[in-house]
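Let us walk through this structure step by step, beginning with a sheet and ending with a pair of packed helices.

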Amino acid sequence: MLNEKPTLKSTAKAFLYLLPMLLITVTFNIYPIIKSFMMSFYTKYDFFTDKVSRIGWDNFKFIFSDPDFHIAVKNTLIFVVGVVPLTVIISLVIALLLNKIKWLSGLFRTVYFLPFVTSTVAIAQVWHWIYNSDYGLLNYFLSLFGVNPISWLESPKYAMLSLIIMSIWKNLGFNIVLFLVGLNSINERYYQAAKIDGANSWHQFTNVTLPLLSPITFLVTINGVIGSFKAFDQIFALFNGNPGPSKSALTIVYYLYQKFYTEWKYGIAAASGVVLFFMILVVTVIQLSYSKKHVHY
Amino acid sequence: MEVTFKDVSLSYDGTREILHHLNFTIPEGTLVSILGPSGCGKSTTLMMISGLLAPTSGKIFFGDKDVTKQDALARKVGMVFQNYALYPHLTVLENIMFPLKMAKVKKPERKKRALELAKLVHVEDQINKKPGALSGGQQQRVAIARALAKEPSLLLLDEPLSNLDARLRIEMREEIRRIQQETGVTTIFVTHDQDEALHISDHIMVLNNGDMQQFSSAETLYDNPSNLFVAKFIGEPVINTLAIADFQGELDQHVPADILKQAVSVGIRPEALQDHDSGDDTIAAIETTVKEFEKYGREKNAQLDFHGKKLLTTEIENTLEKEQKLTLYLQKSGFYLFDQDGKRIFGGDQDVK
């Protein structure tokens, strides 16, 4: 019945339906989130007996005065700013080009999608070889233009750039597919109307394509920002288990990993996780409020 | 602006022709409907006038200017699409201003003109809403205002009323007529609904299967259909059509023998079958049997059997009984003969005095 009033029995039944999913969510999402928030306040803690002897703000005080954490925050922000805008722009351009060609478009879509289905470690190995300073493909290519060999992975100056280039390349595939879906969902009529209204190709792009694509652009941006804030695996794989030469690619998650697995400072690791959580939260809220004005559904 | 098609043909794939050798001239300042059943090529014709589609062969003129090679951008026509195609992310006012923005009109001037147009189409109280928040009829009005914004030489409307409910459709077609007369812009209106076409247009072009059937005023179309298709397509209820072989000598005395020899089909408008002799206008009398008699409101309809064929009449004065014998008087106006190719060879103005 559509107009049935909720009763104890019907509510219980509903919970029964929800139970399997709730069980998984609570165990693997809700509980760890609460636990890590709590853990960030454990200042004296025995991991093996799970005994908390003291709690307080010391973990946060520590990380805010830790130079490594400062580097990690700075590197994370550079990484996000370096990766996200370029990923959005490049994948949009490629999607627009793919949308124009009819010939072999299926093949190109597959080719561009491949990085998404390939494991990060495998990708990193290939890029490791591309970046090799003595016999790498990139230095060979640059040498054609008379550029001296660059130690992409060994020099602190270039390590972050190398990481950003590889991450952009890795992100393209999925975002291109998203943009293609968005482009295909724009009704051809709008372009016809714009043409009749006197809009040339550029004006059609800025006045029809961009605004009507804004929900996808927004999705891609949010996704990219969150993903980039959490960068870890590509760093681990590209620099062979190091955060880059002289910590030049140390990100917050990498810092968290080091504190947790190599230094066993669980409270500090949890505290850095909490800081990361609030950073992502703030950026996402800013994006959401921006989207209210500029994203057209 | 006068629009002329000279021998225009179109095929999308190079093998199958959609439109065949169209020749017509749409006079300046008139409202012309392109009328035809679904898939007859009427929207395609409109797209070619707009410049969104280029003809495969033939030439299109605006006035004396050959615009065949120009695209939609260069032709500067206004167009209202079937689903309106209002930009969903812009407000009503911004939608109306858009063509002016593209024409690089200064902002205050743009706004002034857009407000005038909003007033003309009666949406001035909706200007800050997004199209999604408007009803179908309001969206329709905004689409017309947008199309008129750049003062086009031509206003094209592609089935503009098909998404509206019956009452609104009648209101909006009067609105389109009013706006056309107030602005004096040459308007071309595509529709599959003869009612719409008959009510608002100065001239109607009937298309079928990519061929122009007839291009004339609504009255001429009804009284003098040039062929069987037009006779069947125009008119509600539909004209009665019989084969000439269904008559057993009833027409011999009244139609010249040489015409009767060529005739293949007979068309009789339902109102041209009367149960009383009207004297001069009566051309022949036929004997029929009443099969069905309905009376609702001021309408009296009867279905009759004539040598085994069904006939419909709307001109009954008496009350009829089922299976009753009835003599019907065929009226000259509304009686047509068509030859093998469907061309009218008898009836209409040429034979009615």
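## A sheet in chain B

In this predicted model, chain B holds an open sheet of 6 strands, which follow one another in the order β6-β7-β8-β3-β9-β10 and pair in a mixed fashion. The edges of the sheet are formed by β6 (78-80) and β10 (211-216) of chain B, each of which pairs on one side only. On average, and with direction ignored, neighbouring strands of this sheet are turned by 15° against each other.

Strands of a sheet pair through backbone hydrogen bonds, and the pairing may be either parallel or antiparallel. The parallel sense is found between strand β7 (residues 154-158) of chain B and strand β8 (residues 186-191) of chain B, which are joined over 5 bridges. To follow this pairing at the level of residues, one can start from B:Leu156, whose bridge partner in β8(B) is B:Ile188. Helix α6 (residues 166-183) of chain B packs on the sheet, where it touches β3 (31-35), β7 and β8 of chain B, and the direction of this helix makes about 140° with that of β3(B).

The antiparallel sense appears between strand β9 (residues 203-208) of chain B and β10(B), which are likewise joined by 5 bridges. Here B:Val206 has B:Gln214 as its bridge partner in β10(B). The two strands β9(B) and β10(B) form a hairpin with 2 residues between them, and in this hairpin B:Asn209 takes a positive phi near 50°.

## Helices in chain A

Turning to chain A, the UniProt record, an unreviewed entry, places the feature "domain: ABC transmembrane type-1" at residues 73-287. Over residues 73-287 of chain A the chain is 77% helix and 0% strand, and the C-alpha atoms at the two ends are 20 Å apart.

Two packed helices are described by the angle between their axes and the distance between the axes. For helix α1 (residues 8-39) of chain A and helix α12 (residues 266-294) of chain A, the axes come within 7 Å and cross at roughly 115°. Because of that angle, α1(A) counts as roughly perpendicular to α12(A), and the crossing of α1(A) and α12(A) is left-handed.

Which residues in α1(A) and α12(A) meet? From α1(A) come A:Ser36, A:Phe37 and A:Met39, and they meet A:Tyr266, A:Gly267, A:Ala270, A:Val274, A:Phe277 and A:Phe278 in α12(A). The residues of this contact of α1(A) with α12(A) divide into 7 nonpolar and 2 polar, with no charged residue.

Terms used. Residues numbered from 1 in each chain as written. Chains lettered and ligands numbered in written order. Predicted model: local features only at pLDDT ≥ 70, side-chain atom pairs only at ≥ 80, totals over all residues. Heavy atoms only, no water. UniProt positions renumbered as here; feature names shortened; annotations may be inferred. Helix = DSSP H or I, 4+ residues; strand = E, 2+ residues; numbered from the N terminus. Pairing = 2+ DSSP bridges. Axes fitted to C-alpha atoms, helices over the stretch in contact; angles between N-to-C directions. Contact = heavy atoms within 4.5 Å. Parallel < 35°, antiparallel > 145°, perpendicular 65-115°, else oblique. Left-handed = near helix turned anticlockwise from the far one by under 90°. Nonpolar A, V, L, I, M, F, W, Y, C, P; charged D, E, K, R; others polar.
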